[in-house]
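Q: Please take a close look at one helix in this model and the stretch of chain that leads into it. Describe how the part is capped, packed and placed within the whole.

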Amino acid sequence: MTPDTVDFQTRSGIAQVTDGKKLPYSIDIEAAVLGSLLIDKEALSLIKELVRVKTFYNEQHQIIYEAILKLFEASEPIDIVTVSSYLRSKNKIREAGGTKYLTELMSKVNSASNIEHHALIISQLSIKREMVAASNELMTQAFDENNDIFNVLDNTEQYFFKISEQSIKRQYMSSSEIMRLTIDELEHKKLGNDDGLTGIPSGFSDLDKLTGGWQKTELTIIAARPGMGKTAFVVSAMRNAAVDHQSPVAIFSLEMSATQLMLRLISAEAEIESEKLRKGILEPHEWQQLHTRLDKLSAAPIYIDDTPALSVLELRAKCRRLKAQFGIEMVIIDYLQLMSGEDGTNSQGNREQEIATISRSLKNLSKEINVPVLALSQLSRAVETRGGDKRPQLSDLRESGSIEQDADMVMFLYRPEYYKITEDENGNPTDGIGEVIIAKNRAGTLDTIRLQFVKEFTKFADLGSGMRAGGMSDYGKINLPGGAGDYSHFENGGSSGGEEPWAPPTFLQSKANKPQDTDGPFGDIKPDDEVPF
């Protein structure tokens, strides 16, 4: 049984673990809340966000409160006459105790002045009952020898996370409080900030100038057709944030395994062709290059989760844990359409509604843990059937218009050379050029940023950064005997001029995939060995 199939308010389930103890509820206070609602039509607006139907323990009270909510939603007046009339129309007046009981409820209170206090009490009691029910279900699962204990642990976290979602939250702040917080934030941004960078840096200069970096509480959708380099773009941005700025980043890779993703990072960082790494065919100097360039990457605060078909609840639980344990400052999802709904399964119903739920949940997640969330998304095939240069537009977002609505920023990745377009409108060559089209920006302007895409290393970089296809960037050149490009040092057993023979490096691991064996999962790798990637 999963957390979504358990009714926390089922009293028969709770009774199994009460051992004769009184359940946490108060019929009198529940009656006082309903009585206040019947005598004061404005009282419901004070508690509506706090009190749900299942907040009431008594079933009669649940029926009455549900009737009051229905009348409120229909903009009908709320009093004993309208409530009793509604209950008669639904054949529920007898279940609710009849008009006589409604009259008794009104006699419980003289005014609605204490309704917020009373509502708070019954809400707290409801949460306690939910915790008892969850504990009962978990105890049953733990005693069942057929259950995987790790599944039980996952369910434990999800049960109580679901309860916490429904707990009491503050809904508003006064203007003076918001003003003070806003001024404090502006002053904090001003300190040590001369370049307008107020968020997590993407590492792409022109993009950071336009956006100020990836901003807290914002959901950014990065969309493109297959083959445009979506994963390469976010991996480059993740590397720039984690390696250059030591910002902890969590990436949830639903498409690629953690090992495949790490190979992408290694290829981009060491500037060794990904094809060579995949096959394990490296020259001696490339082993030295690998060893020299991966120290920073192995120490970078990058956390990779490659759980397939991740559900929204699982994602939120894992992000909260990573935030508490490692202080993550950015979350990346690759990619949105591979996620499943709240219940952890891909719904056979309306997929568009499911995607809408997922995108809304990602936006809520960014606000809840106060970090930027970057989610990759596929585009529909309409891009391919359209004539012209096939640049994507907002209507191409696949399966749901809600993605566009929920996102604070929507970026499209576009590489003209993919469509055999060799020159742009100004006659400039498009080889190795990638465009980041900002189609929606809730907090800024729209523009198109041009970057360099290096196929060999599957990475994006600033134009004119020194990166060139088939070679190494200027900052990436290693010092070899005889100067850069001289590999004579590795000939004749790797000895030159009486120097010590070259020794191969041991395999390096990222923090995200650190093995238990301190010698590495593969031991020492020699230049002639086949690499187990």
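A: In this predicted model, N58 caps the N-terminal end of α4, with a side-chain oxygen 2.8 Å from the backbone nitrogen of Q60. The helix itself has 15 residues, and at 1.5 Å a residue these should span 21 Å; the end C-alpha atoms of α4 are 21 Å apart, so the expected span and the model agree. Just after α4, S75 takes a positive phi of about 60°.

The buried residues of α4 are H61, Q62, I63, I64, Y65, A67, I68, L69 and L71. These buried residues pack against four helices: α2 (27-39), α3, α5 (80-89) and α6 (98-107).

On the N-terminal side, the loop between α3 (44-47) and α4 (59-73) holds T55. T55 has a relative accessible area of 1%, and because buried means under 20%, T55 counts as buried. The side chain of T55 reaches the backbone nitrogen of R52 at 2.9 Å. Setting aside neighbours within four places in sequence, T55 is in contact with E30, L50, I122, S123, S126 and R129.

As for the setting, the protein chain contains 19 helices and nine strands. Of its 533 residues, 47% count as buried. Among contacts in the protein chain between residues at least 6 apart in sequence, 68% join residues at least 24 apart. The chain exposes about 27,000 Å², of which carbon and sulfur atoms supply 48%.

Note on methods. Residues numbered from 1 in each chain as written. Predicted model: local features only at pLDDT ≥ 70, side-chain atom pairs only at ≥ 80, totals over all residues. Heavy atoms only, no water. Helix = DSSP H or I, 4+ residues; strand = E, 2+ residues; numbered from the N terminus. Buried < 20%, exposed > 50% of the residue type's maximum accessible area, 1.4 Å probe, protein only. Polar contact = N/O pair within 3.5 Å; in protein donor to acceptor, adjacent residues only side chain to side chain. Contact = heavy atoms within 4.5 Å. Areas by Shrake-Rupley, 256 points an atom, 1.4 Å probe, with all protein chains shown as cover. Expected span 1.5 Å × (residues − 1).
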